[in-house]
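This report looks at aromatic rings and their surroundings in one protein model. The sequence and structure come next, followed by a reading of the ring pairs and of the core.

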Amino acid sequence: MTVQTLRARLTRDDIQRLSDATDAEGRALAARKFCARFASVDLSDDERKIGSEVVRLLADDAAELVRRSLSVTLQRSSHLPPDVARKLAHDIDSIAMPVIAGSPVLSDEDLVEIVRSSPSRRQAAVAARSDVSEVVVHEIVEVGDREAVKILASNNGARFDARGYASALSRFDGDADVLDQFVLRSSLPVAITEKLIAHISDSAMQTLVNRHALPAQLAVELAEGARERATVDLVEQAGLSDEPRRFVQQLQLNGRLTPSLILRSLFRGHMSFFEHCMAEMSGVTHEKAWLLVHDAGSLGLETLFKRAGMPERILPVARSAVSAWHSLEIGPNGTPDIVRFRRLLAERILTQFQGVPQAELDYILDRLDADEAELSQMRLSAAS
């Protein structure tokens, strides 16, 4: 019998309450237990089919409490029958929202239909899902409610492609409250950061230039005050760039590749940028510069400094920084790890070598203070 096949996985009381309970609370409790077992236990194909039929019966229960128990318990289960997921997604909010926000069995077509036919709160639930495909992103950006688009913009699980970004920037051109949310993403295409500059608020733009790489020329222009709304730290932009050679060349063309900037980048742990700077100024390949910096003994860096025309007085500082960098390990990616790394690197440099120029000393200490402040803010945000 149908109940008999599942009895090994459900207690007798569970079966009895699910079959015979007349009160909603009792049926809801039995439904929760049943669904938890249905979601987590390895069942045979026949048992899964039987369980699915029971789930369908629960989805038709007249009591809201029972349907909500079903929805909450199976909201992230891959075993929830798709037809039941769609049914629950069109129920009242207390039942629909968990499934809309988390069910992996809702297809892109299901989610697009929800966006097109549902009010803002349900669109927002779709936008906040841990994985939102390009197709669904397009739909929300192009026809969705403004609040849903705000949530989508900052959701790292939302897969924006070129069309998605273009549609958002076009539709919400001039709406800084929406476009500001994009700067909260963990990564942005360089071309998008450039376009956002003209449309976002001052505070969001400062976040943008602190977290995301800008096109090299734009970074130089902002650092030179060509646009008054932003102050760009070229050292940090150098660390964000995924094309350090191009960034170095742009700085050189604009006369911004100074010994001070190179030394500061080294103090911040931007070793790849430092290597490319030395390669560009000495006229050697990056591979050769790397060998001279890291694998040519004590004279390698000195040779490179001479070819690059770098001031001899800062060679001991640079050598100390490279030595300290080699003695430390960077943990898994993440702000807390990089902040710790930079603090330890600074401590090592400052204790091993006392001749750090005052301007560079002030810079590294100010940046460490800013790192700690940002880390504290992140912890507060995570705790709230």
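F34 and F38 both belong to helix α3 (residues 24-40), where they are four residues apart, about one turn of the helix. In general, an α-helix has 3.6 residues a turn, so residues three or four places apart point the same way. Both F34 and F38 are buried in this model, which is a predicted one. R48 adds a charged neighbour to this site, lying over the face of F38 at 4.9 Å from the ring centre.

The count of aromatic pairs comes to five. The pair of F34 and F38 is stacked, because the ring centres are 6.4 Å apart and the planes stand at 10°, where planes under 30 degrees apart count as stacked. The pair of Y165 and F182 is tilted instead, since its planes stand at 50° with the centres 5.8 Å apart. The table sets out these two pairs.

| Ring pair | Distance between centres | Angle between planes | Arrangement |
|---|---|---|---|
| F34 and F38 | 6.4 Å | 10° | stacked |
| Y165 and F182 | 5.8 Å | 50° | tilted |

Y165 lies in helix α12 (residues 162-171), whereas F182 lies in the loop between α13 (176-179) and α14 (190-196), so the pair ties together parts that are 17 residues apart in sequence. Y165 is buried, with a relative accessible area of 5%, and F182 is likewise buried, with a value of 0%. Ring pairs also bring in F160, which is linked with Y165 and F182 into a cluster.

Helix α12 itself contributes several buried residues, namely G164, Y165, S167, A168 and L169, and what covers them includes α10 (134-143), α13 and α14. At the start of α12, a side-chain oxygen of D161 reaches to within 3.2 Å of the backbone nitrogen of R163.

The remaining features concern the nonpolar interior. In soluble globular proteins, nonpolar side chains tend to be buried together. The largest nonpolar core here has 111 residues, of which L70, I140, L152, L196, F273, F274 and F305 touch the most other members. Leaving aside residues up to four places away in sequence, F273 touches A238, P244, F247, V248, L251, L257, L261 and S265. Two of these contacts, L261 and S265, are buried residues of helix α19 (residues 259-267), in which I262, L263, L266 and F267 are buried as well. Just after α19, G269 takes a positive phi of about 85°.

How values were computed: Residues numbered from 1 in each chain as written. Predicted model: local features only at pLDDT ≥ 70, side-chain atom pairs only at ≥ 80, totals over all residues. Heavy atoms only, no water. Core = buried A, V, L, I, M, F, W, Y, C linked by side-chain atoms within 4.5 Å. Buried < 20%, exposed > 50% of the residue type's maximum accessible area, 1.4 Å probe, protein only. Contact = heavy atoms within 4.5 Å. Phe/Tyr/Trp six-rings, centres within 6.5 Å; stacked < 30°, edge-to-face > 60°. Helix = DSSP H or I, 4+ residues; strand = E, 2+ residues; numbered from the N terminus. Lys NZ or Arg CZ within 6 Å of the ring centre and 35° of its normal. Polar contact = N/O pair within 3.5 Å; in protein donor to acceptor, adjacent residues only side chain to side chain.
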